[in-house]
Amino acid sequence: MTYLSGKVSYRSLMIPLFSLMLGLIAFPVKGQQNIYNPIPIKSNGAISDRLSDRDIPTGEGGFAKDYEIDLEKGDQVAIDLTSDEFDSVVLLLGADGTTIAENDDGPDGSTNSLLFSRITETGRYIIRVRAFGETGGGNFNLKVTRLRPVDR
């Protein structure tokens with residue numbers, strides 16, 4: 001350090017302070033993955049997408065992709081997930097990450113998934129699409145339908 005009249009100089013303090021500040025700032029790195037960011041989907045909406053090894057690892061050898069949806073108390077939803085390329089599983093998660101409902105195989109005996117749920121709280125929910133176990137990934141179709149009572 002440089003001393004002037006027994007005191008520390010301004011310049012000698014600024015260089016180490018600036019270096020410390022640079023160490024605290026996060027600079028983006030080329031090739032770095034994005035932070036968790038679910039894909040928005042509307043009720044009564046459909047999406048065609050692809051599940052791959054670039055999606056969220058499940059810890060079971062497969063991968064998952066998340067979609068966020070706003071639902072209201074009293075809504076009844078059908079979530080239909082179909083794929084010819086992998087054994088699908090669909091989950092409906094609450095804002096706090098708890099599993100509201102889950103379905104592996106639909107009622108038609110196929111490996112497609114069909115989930116019905118009644119919403120008890122207004123809020124943002126996550127629909128998670130994933131492959132069963134280590135069945136990989138591939139193309140899929142996800143359809144969310146808000147069910148309405150039939151007028152008589």
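**Exercise 1. How many bridges join β4 to strand β12, and in which sense do the two strands run?**

Solution. The model is predicted.
Step 1. Find β12 at residues 138-147.
Step 2. Count the bridges to β4: there are seven, and the strands run antiparallel.
Step 3. Pick one rung of this ladder. Aspartate 49 has phenylalanine 140 as its bridge partner in β12.

**Exercise 2. Place β4 and β12 in their sheet, and explain which strands stand at the edges.**

Solution.
Step 1. Write down the order. The strands run β4-β12-β7-β10 in an open sheet of four, with antiparallel pairing.
Step 2. Look for strands with a single partner. These are β4 (45-51) and β10 (113-118), so each has one side without a neighbour in the sheet.
Step 3. Check the turn between neighbours. Direction ignored, neighbouring strands here are turned by 15 degrees against each other on average.

**Exercise 3. Find the strands that pair with β11, and give one residue pair for each.**

Solution.
Step 1. Take β6, residues 63-71. This strand pairs with β11 (residues 123-131) over eight bridges, in the antiparallel sense. In this pairing, leucine 71 stands opposite glycine 123.
Step 2. Take β8, residues 88-93. Six bridges link β8 to β11, again in the antiparallel sense. Here leucine 93 stands opposite isoleucine 126.

**Exercise 4. Trace three of the salt bridges, and state which parts of the chain each one ties together.**

Solution.
Step 1. Start from the total: the structure holds eight salt bridges.
Step 2. Take arginine 50 and glutamate 85. Their closest N and O atoms are 3.5 Å apart. Arginine 50 is in strand β4 and glutamate 85 in the loop between β7 (76-82) and β8, so the bridge ties together parts 35 residues apart in sequence. Now check exposure. Arginine 50 is partly exposed at 44% relative accessibility. Glutamate 85 is also partly exposed, at 41%.
Step 3. Take lysine 65 and aspartate 55. The closest N and O atoms are 3.6 Å apart. Lysine 65 sits in β6 and aspartate 55 in the loop between β4 and β5 (56-57), so the linked parts are 10 residues apart in sequence. Both residues are buried.
Step 4. Take aspartate 75 and arginine 146, with closest N and O atoms 3.4 Å apart. Aspartate 75 belongs to the loop between β6 and β7, and arginine 146 to strand β12, so this pair ties together parts 71 residues apart in sequence. Aspartate 75 is buried at 9% relative accessibility. Arginine 146 is buried at 15%.
Step 5. Look for shared partners. Salt bridges that share partners join Asp49, Asp55 and Lys65 into one network.

**Exercise 5. Classify the aromatic pairs, and say which residues they link.**

Solution.
Step 1. Count the pairs: there are two.
Step 2. Test tyrosine 67 and phenylalanine 140. The ring centres are 6.5 Å apart and the planes stand at 75 degrees, so the pair is edge-to-face. Tyrosine 67 lies in β6 and phenylalanine 140 in β12, so the contact ties together parts 73 residues apart in sequence.
Step 3. Test phenylalanine 86 and phenylalanine 140. Centres 6.2 Å apart and planes at 80 degrees make this pair edge-to-face. Phenylalanine 86 is in the loop between β7 and β8, and phenylalanine 140 in strand β12, so the parts joined are 54 residues apart in sequence.
Step 4. Check burial. Tyrosine 67 is buried. Phenylalanine 86 is buried at 4% relative accessible area, and phenylalanine 140 is buried at 2%.
Step 5. Join the pairs. Tyr67, Phe86 and Phe140 form a cluster linked by ring pairs.

Key: Residues are numbered from 1 along each chain as its sequence is written. This is a predicted model: local features need pLDDT of at least 70, side-chain atom pairs count only at pLDDT 80 or more; totals for chains, interfaces and linings use all residues. Side-chain values use heavy atoms; hydrogens and water are left out. Two strands pair if DSSP finds at least two bridges between them. Axes are lines fitted to C-alpha atoms, for helices over the stretch in contact, and angles run from 0 to 180 degrees between N-to-C directions. A salt bridge is a side-chain nitrogen of Lys or Arg within 4 Å of a carboxyl oxygen of Asp or Glu. Buried means under 20% relative accessible area, exposed over 50%, partly exposed in between (1.4 Å probe, protein chains only). Rings of Phe, Tyr and Trp (its six-membered ring) pair if their centres lie within 6.5 Å; planes under 30 degrees apart count as stacked, over 60 as edge-to-face and the rest as tilted.
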